[in-house]
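Colleague: Before I borrow your labels for my figure, I'd like to hear the reasoning behind them. Can you take me through it?

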Amino acid sequence: MAGHQGAQTAHEPALSAPAAPRALLSSRDRNWTHLRADLLAMPGGAVTVRNTEQVLLSIHIGAPLRVRCRLEGGRPEQRLLIDGDIDILPQGASGEWHDEAPTTALVLRLKPGLLRDAARDMGLPASRAALAPLVQLRDPRLTHLAWAIRAELAAGRASDRLYADSLAVALAVQLLGGRDDGIGRQVAADDGRGLSSRQRRRVLEHIAGHIDQDLSLESLSAAAGLGLSQFKLLFRASFGLPVHQYVIRRRVEHAKALLLEGRMDMAEIALAAGFAHQSHMARCMRRVLGVSPSAVRRAIH
């Protein structure tokens, strides 16, 4: 288990270790709303977590590792972790770990309110959001989501907050026993119902009116008057795409229209369409349209 790099904040677990882990990648300076992610190089030795204020997941990465662990109120146990094993500490929980060698861990922190909201959206009792501590969990869907988050950290590009929000909601749903794969597919059975015409109109107006801004899943679901997990499912049923992919397409279409007008330079167009910078716009445009912004602009001559 790992969960510390640098100074503790009010939203991080009270953790102590003889040697500070080294942050390889972190979402600390990104605009993610519901999720904090850190890829840490752990030096080995003892790690203690006290009264975490968030839901803490630690995913072991790399070679097998022998670990001694003890959850609060439990007996010490020795385990052999393998790549993808997950330890979970819910809000308010404590635990102690002793890694016998240096290792790497992906540490995820979810706001506990996200689980409560997901439970409500799923029609579950609020008590379901009170998770039990778990060690060495093997869950392919949770691992799939963790690796998607790791890839987003490692991509070295402007963060897509909508995508990070969607992954956080998918983690919450999966922790509660749901079946959202996080990429926009709902693998549980559903009735095919989508957003109402009024909800679709309000969401599309919100996207169009804020296309140059850093849209969040929270703001879009609020426009529809829905919870986060409900909104993700119904949006996909209505538009055939996950929210983050749909918004990227709308940004690309808006940027293309501005390019064809020919009145703004490319850096201005990128910002006006809600991209972080010109290179970000170019990557998305190539992925969606198969051509570069320069090629689109040349089409008007």
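Colleague: Let's start with R201: which helix does it lie in?

Modeller: R201 sits in helix α4, residues 197-209. Bear in mind that this is a predicted model.

Colleague: And why is R201 called partly exposed?

Modeller: Its relative accessible area is 43%. Buried would need under 20% and exposed over 50%, so R201 falls in between and counts as partly exposed. As for its surroundings, R201 and A224 are 23 residues apart in sequence, with 8.8 Å from C-alpha to C-alpha.

Colleague: On to the helix pairs. What makes α2 roughly antiparallel to α3?

Modeller: The axes of α2 (residues 140-154) and α3 (residues 161-175) cross at roughly 160°. Anything over 145 degrees counts as roughly antiparallel, so α2 and α3 get that label. Their axes come within 10 Å, and the crossing is left-handed.

Colleague: Which residues make that contact between α2 and α3?

Modeller: From α2 you have R141, L142, L145, A148, I149 and E152. The α3 side brings Y163, L167, A170, L171, Q174 and L175. By class, the contact of α2 with α3 comes to nine nonpolar residues, one polar and two charged.

Colleague: Why are α3 and α6 described as roughly perpendicular?

Modeller: Again, it's the angle: α3 and α6 (residues 228-239) pack at about 110°. The window for roughly perpendicular is 65 to 115 degrees, so that is what α3 and α6 are called. Their axes are 10 Å apart, and this crossing is left-handed.

Colleague: Where do α3 and α6 meet?

Modeller: S166, V169, A170 and V173 in α3 meet L228, S229 and K232 in α6. That contact of α3 with α6 divides into four nonpolar residues, two polar and one charged.

Colleague: Last one, α9. How do you know that its length is close to what is expected?

Modeller: Helix α9 covers residues 278-289, 12 residues in all. From first C-alpha to last it reaches 16 Å, and 16 Å is expected at 1.5 Å a residue.

Colleague: Which residues of α9 are buried, and what do they pack against?

Modeller: The buried ones are H280, M281, A282, C284 and M285. To earn that word, a residue needs under 20% relative accessible area. The buried residues of α9 pack against α7 (243-261), α8 (266-272) and α10 (293-298).

Colleague: And what follows α9?

Modeller: G290, with a positive phi near 80°.

How values were computed:
Residues are numbered from 1 along each chain as its sequence is written. This is a predicted model: local features need pLDDT of at least 70, side-chain atom pairs count only at pLDDT 80 or more; totals for chains, interfaces and linings use all residues. Side-chain values use heavy atoms; hydrogens and water are left out. Helices (H or I, at least four residues) and strands (E, at least two) are DSSP runs, numbered from the N terminus. The expected span of a helix is 1.5 Å times one less than its number of residues. Buried means under 20% relative accessible area, exposed over 50%, partly exposed in between (1.4 Å probe, protein chains only). Contact means heavy atoms within 4.5 Å. Axes are lines fitted to C-alpha atoms, for helices over the stretch in contact, and angles run from 0 to 180 degrees between N-to-C directions. Angles under 35 degrees count as roughly parallel, over 145 as roughly antiparallel, 65 to 115 as roughly perpendicular and the rest as oblique. A crossing is left-handed if the near helix is turned anticlockwise from the far one by less than a right angle, and right-handed if clockwise. Ala, Val, Leu, Ile, Met, Phe, Trp, Tyr, Cys and Pro count as nonpolar, Asp, Glu, Lys and Arg as charged, and the others, Gly among them, as polar.
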